[in-house]
Amino acid sequence: MNRKRVVVTGLSVLSPLGNDLLTSWTRLLRGDSGIGPITIFDASGYEARIAGEVKEFDPEKYMSFKQAKRMDRFSQFAVAAADMLLKDAGYVIDEDNAARVGVMLGIGIGGLRTIEFYHEKLMKSGPSKVSPFLVPMMISNLGPGQVAIASGAKGSNMVTTTACASALHAIGSAWNEIVLGRCDAAITGGVEASVTPLGVAGFTAMKALSSSHNDEPAKASRPFDKNRDGFVIAEGAGFLLLESLESAQARGAKIYGEIVGFGASCDAHHVTAPEESGEGMARAMRNALDDGRLRPEEVEHINAHGTSTQLNDLCETRAIKRVFGAHAAKLRISGTKSMTGHLLGAAGGLESVFTVMALHEGILPGTINLVTPDPECDLNYLSDGPERQACEYALCNSFGFGGTNASILFKACRN
């Protein structure tokens with residue numbers, strides 16, 4: 001069956017590396033770290049006191065003061081990222097096309113900051129002090145909802161909440177909507193703002209966060225390194241504008257790349273730990289390859305989930321070997337969380353942007369802090385820095401709690 005081709009015509013980023021695409025991409029290639037001491041709240045009593053924060057973010061560049069006050073930080077990020085995205089794509093939403101433009105975002109947690117704030121108000125001052133905006137501020141679907149209100153997009157509007165795979169599932173859903181002819185374009189990706197007292201406390205209690213580098217934050221996130229001791233929580237957004245090829249060509253749009261396959265799976269194994277053989281992760285990658293009708297040896301680059309936790313990095317390595325066999329040793333793999341930290345539900349959005357940029361620019365990001373190789377994580381993680389390499393196909397991986405797995409297959413398009 002001939003299906004619609006879906007291309008990427010816009011990109012935007014809010015990240016610990018910078019508040020726009022160019023700054024974040026430049027610093028990523030430079031090997032900079034966006035991780036530092038937590039400043040959003042007093043974390044002095046916490047075991048883990050570092051995070052990847054979006055710094056000096058001014059929501060009033062993108063909305064009024066009154067609108068910003070009625071949004072949680074994650075929704076502010078979403079509106080800002082969508083504004084930058086549409087400008088980057090040169091895409092104007094108007095009465096003629098609004099009903100054919102969707103918004104599908106991945107958000108793992110949502111308005112945790114708002115919940116914490118108003119719970120404290122409730123406990124201290126009673127229910128009369130709880131704002132009528134509590135619910136609209138905290139629920140995840142108000143991320144895409146606020147984007148639609150701000151942009152005028154009237155097509156399919158939804159949120160996927162699948163832990164750390166949220167954004168890739170959202171991008172896959174947006175791709176499906178366009179392939180099936182339900183939309184001509186979609187604002188998609190992921191957004192998260194859960195660097196909060198409760199968020200950090202919860203992940204710390206699980207022993208999921210790195211706590212051994214509080215005095216050297218830039219060294220804390222170390223995917224595939226033998227001495228990795230947990231992920232670094234982070235916040236931000238990574239958005240893509242997807243369009244049918246016909247729509248993009250009709251308006252003479254620049255095209256960054258193309259989505260040619262999507263794969264998903266579940267380990268059905270454990271609430272937090274991946275299945276140790278990597279079989280579930282492998283199935284998601286294999287499904288993406290099958291969807292794109294591609295042989296494993298045609299893929300040259302992977303942006304790994306690479307969380308810097310002991311089990312995830314080991315299982316992902318095993319999964320890559322299961323799928324790619326002898327070709328796994330030839331793959332160039334980037335662990336960009338080493339520089340950004342882990343954006344939770346937004347991770348796949350940011351990392352999809354980086355994957356598309358790697359294909360578009362012909363340069364693959366490196367992986368910092370991989371100083372002592374784990375003997376069981378023995379693939380080419382580009383630990384010597386970025387590599388200039390024109391690749392045609394690349395995978396982006398995201399794996400989440402509950403054993404949910406997603407992979408997206410991108411194709412280069414240099415125009």
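Helix 7 (166-179) and strand 8 (257-266) each contribute at least two residues to the lining of the second largest pocket, and this is a useful place to enter the structure, which is a predicted model. Of these contributors, strand 8 gives the most, with 3 residues. The pocket has a volume of about 280 Å³, and among the 17 residues that line it, those closest to its centre are Arg3, Arg5, Glu258, Val260 and Gly292. Sorted by character, the lining of this second largest pocket consists of 8 nonpolar, 2 polar and 7 charged residues.

Strand 8 also leads into the sheet. Strands of a sheet pair through backbone hydrogen bonds, in either a parallel or an antiparallel manner. Here 10 strands form an open sheet with mixed pairing, and their order is 5-4-6-7-1-8-14-13-9-10, which places strand 8 between strand 1 and strand 14. Strand 5 (157-160) and strand 10 (332-334) stand at the edges with a single partner strand each, so one side of each of these two strands is left without a neighbour in the sheet. On average, and with direction ignored, neighbouring strands of this sheet are turned by 25° against each other.

One pairing can be followed down to individual residues. Strand 4 (residues 101-106) and strand 6 (residues 185-192) run parallel and are joined by 6 bridges; within this pair, leucine 105 has glycine 189 of strand 6 as its bridge partner.

Elsewhere on the sheet, helix 10 (residues 279-291) lies across strand 8, strand 13 and strand 14 (404-412), and the helix runs at about 145° to strand 8. Strand 8 is therefore a convenient reference for the reader, since strand 8 is both crossed by helix 10 and a contributor to the second largest pocket.

Strand 13, also crossed by helix 10, leads on to the largest pocket. This pocket holds about 540 Å³ of space, and the elements that give two or more residues to its lining are helix 11 (310-324) and strand 13 (393-400). Helix 11 gives the most, with 3 residues. In total 32 residues line the largest pocket, and those nearest its centre are Phe231, Thr272, Pro274, Thr309 and Phe401. By character, the lining of the largest pocket divides into 14 nonpolar, 13 polar and 5 charged residues, whereas the figures for the second largest pocket are 8 nonpolar, 2 polar and 7 charged.

Methods:
Residues are numbered from 1 along each chain as its sequence is written. This is a predicted model: local features need pLDDT of at least 70, side-chain atom pairs count only at pLDDT 80 or more; totals for chains, interfaces and linings use all residues. Side-chain values use heavy atoms; hydrogens and water are left out. On a 1 Å grid over the protein atoms alone, a cavity is a set of points where a 1.4 Å probe fits but cannot get out, and a pocket is an open set with protein on both sides within 12 Å along at least five of seven lines; lining residues have an atom within 4 Å of a point. Grid points are joined across faces, edges and corners, and a volume is the space filled by probe spheres set on the points. Helices (H or I, at least four residues) and strands (E, at least two) are DSSP runs, numbered from the N terminus. Ala, Val, Leu, Ile, Met, Phe, Trp, Tyr, Cys and Pro count as nonpolar, Asp, Glu, Lys and Arg as charged, and the others, Gly among them, as polar. Two strands pair if DSSP finds at least two bridges between them. Axes are lines fitted to C-alpha atoms, for helices over the stretch in contact, and angles run from 0 to 180 degrees between N-to-C directions. Contact means heavy atoms within 4.5 Å.
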